[in-house]
Amino acid sequence: MLKNLDKYQIILASNSPRRKELMSGLGVDYVVRTLPDVDESYPANLSGAEIPEYISREKADAYRAIMQPGELLITADTIVWLDGKVLGKPEGREGAVEMLRSLSGKSHQVFTGVCLTTTEWQKSFTAASDVEFDVLSEEEIQYYVDKYQPMDKAGAYGVQEWIGYIGVKSISGSFYNIMGLPIQKLYGELKKL
């Protein structure tokens, strides 16, 4: 599938094991290339879905100077959006516990912005998923944070882990978007190239 991509060297600009797993599941040959300290700040006037799409473009722009003709760069950024605020990656154990307390018994949105970049063009899009959490006990929250160490995950949780099994009541939208890469939507965009 995706023979149209044979003209490109696909580069995934992410260290996320989940994004690597999802890209591998597409059956597309790719290499991982990451840069240290890519700026993930964004203007204060952005909200919701605008934020990760902006950051995915900023990540791509950091690579532009070192890109070669024939390369197709894929960058992405995922946020959890709760009550008009971004829940990014937690700072430390207590930050993770606080985030999970705030998600307990509520619905939130997960937005992933994806940017496709070559030396000649750039295209970006965003996917949205709605997630409803059951009420989590303090014991469940502490257990999850201690056993799974969700410090590298937006909103301090991985939907594909124990907390997703016991805590997620419902999902509307792409499950894989919540994991960090809306792979079905990405496949559709790659087919158009």
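# Pockets, rings and helix α1

Student: Let's start with the second largest pocket; what volume does it have?
Tutor: The volume of the second largest pocket is about 160 Å³. Here a pocket is an open set of points on a 1 Å grid over the protein atoms alone, where a 1.4 Å probe fits, with protein on both sides within 12 Å along at least five of seven lines. Its volume is the space filled by probe spheres set on the points, which are joined across faces, edges and corners.

Student: And what kind of model are we looking at?
Tutor: This is a predicted model, where local features need pLDDT of at least 70, side-chain atom pairs count only at pLDDT 80 or more, and totals for chains, interfaces and linings use all residues. Residues are numbered from 1 along each chain as its sequence is written, and side-chain values use heavy atoms, with hydrogens and water left out.

Student: Cool. Which residues line the second largest pocket?
Tutor: The lining is made of M1, L2, K3, L5, D6, Y8, I10, G27, V28 and D29, where a lining residue has an atom within 4 Å of a point. By type, this lining has 6 nonpolar, 1 polar and 3 charged residues. Ala, Val, Leu, Ile, Met, Phe, Trp, Tyr, Cys and Pro count as nonpolar, Asp, Glu, Lys and Arg as charged, and the others, Gly among them, as polar.

Student: Where does G27 sit?
Tutor: G27 is in the loop between α1 and β2 (30-32); helices (H or I, at least four residues) and strands (E, at least two) are DSSP runs, numbered from the N terminus. G27 has 61% relative accessibility, so it counts as exposed. The cut-offs are under 20% for buried and over 50% for exposed, with partly exposed in between (1.4 Å probe, protein chains only).

Student: How far apart are the C-alpha atoms of G27 and L2?
Tutor: They are separated by 8.9 Å, with their positions 25 residues apart along the chain. M1 and L26 are also 25 residues apart along the chain, and their C-alpha atoms are separated by 8.7 Å.

Student: M1 and L2 are neighbours in the sequence. Is M1 buried or exposed?
Tutor: M1 is exposed, at 77% relative accessible area, whereas L2 is buried, at 8%. M1 lies in the segment before β1, and L2 is in the segment before β1 (9-12).

Student: What about the phi of L2?
Tutor: L2 has a positive phi of about 55° although it is not a glycine. Most residues other than glycine have a negative phi. Q149 has a positive phi too, near 50°. Q149 sits in the loop between α4 and α5 and is partly exposed, at 46% relative accessibility.

Student: Changing topic: how big is the largest pocket, in volume?
Tutor: The largest pocket has a volume of about 710 Å³. It is lined by 34 residues, and the closest to its centre are R19, E40, K59, D77 and K89. The elements giving two or more residues to this lining are α1 (17-25), α2 (50-63), β3 (71-82) and α6 (175-179).

Student: Which element gives the largest share of that lining?
Tutor: That is β3, with 5 residues. The whole lining divides into 16 nonpolar, 10 polar and 8 charged residues.

Student: R19 is in α1, right? Which residues of α1 are buried?
Tutor: The buried ones are R18, R19, L22 and M23. They lie on the same side of α1, because they cover an arc of only 130° around the axis, taken from the directions from the helix axis to the C-beta atoms.

Student: What do those buried residues pack against?
Tutor: They pack against β1, β2, β3, α6 and α7 (183-191), with contact meaning heavy atoms within 4.5 Å. The face of α1 turned away from the buried side carries the exposed residues E21 and G25.

Student: Last topic: how many aromatic pairs are there?
Tutor: There are 4 aromatic pairs. Rings of Phe, Tyr and Trp (its six-membered ring) pair if their centres lie within 6.5 Å; planes under 30 degrees apart count as stacked, over 60 as edge-to-face and the rest as tilted. One of them joins F133 and Y157, which are edge-to-face at 5.0 Å centre to centre and 90° between the planes.

Student: Where in the chain are F133 and Y157?
Tutor: F133 is in strand β6 (residues 122-133) and Y157 in the loop between α4 (138-148) and α5 (162-167), so this pair links distant parts of the chain, 24 residues apart. F133 is buried at 1% relative accessible area, and Y157 is buried at 4% relative accessibility.

Student: And why is the pair of F175 and Y176 edge-to-face?
Tutor: Because the planes of their rings are at 85°, with the centres 5.5 Å apart. F175 is partly exposed at 32% relative accessibility, and Y176 is partly exposed at 41%.
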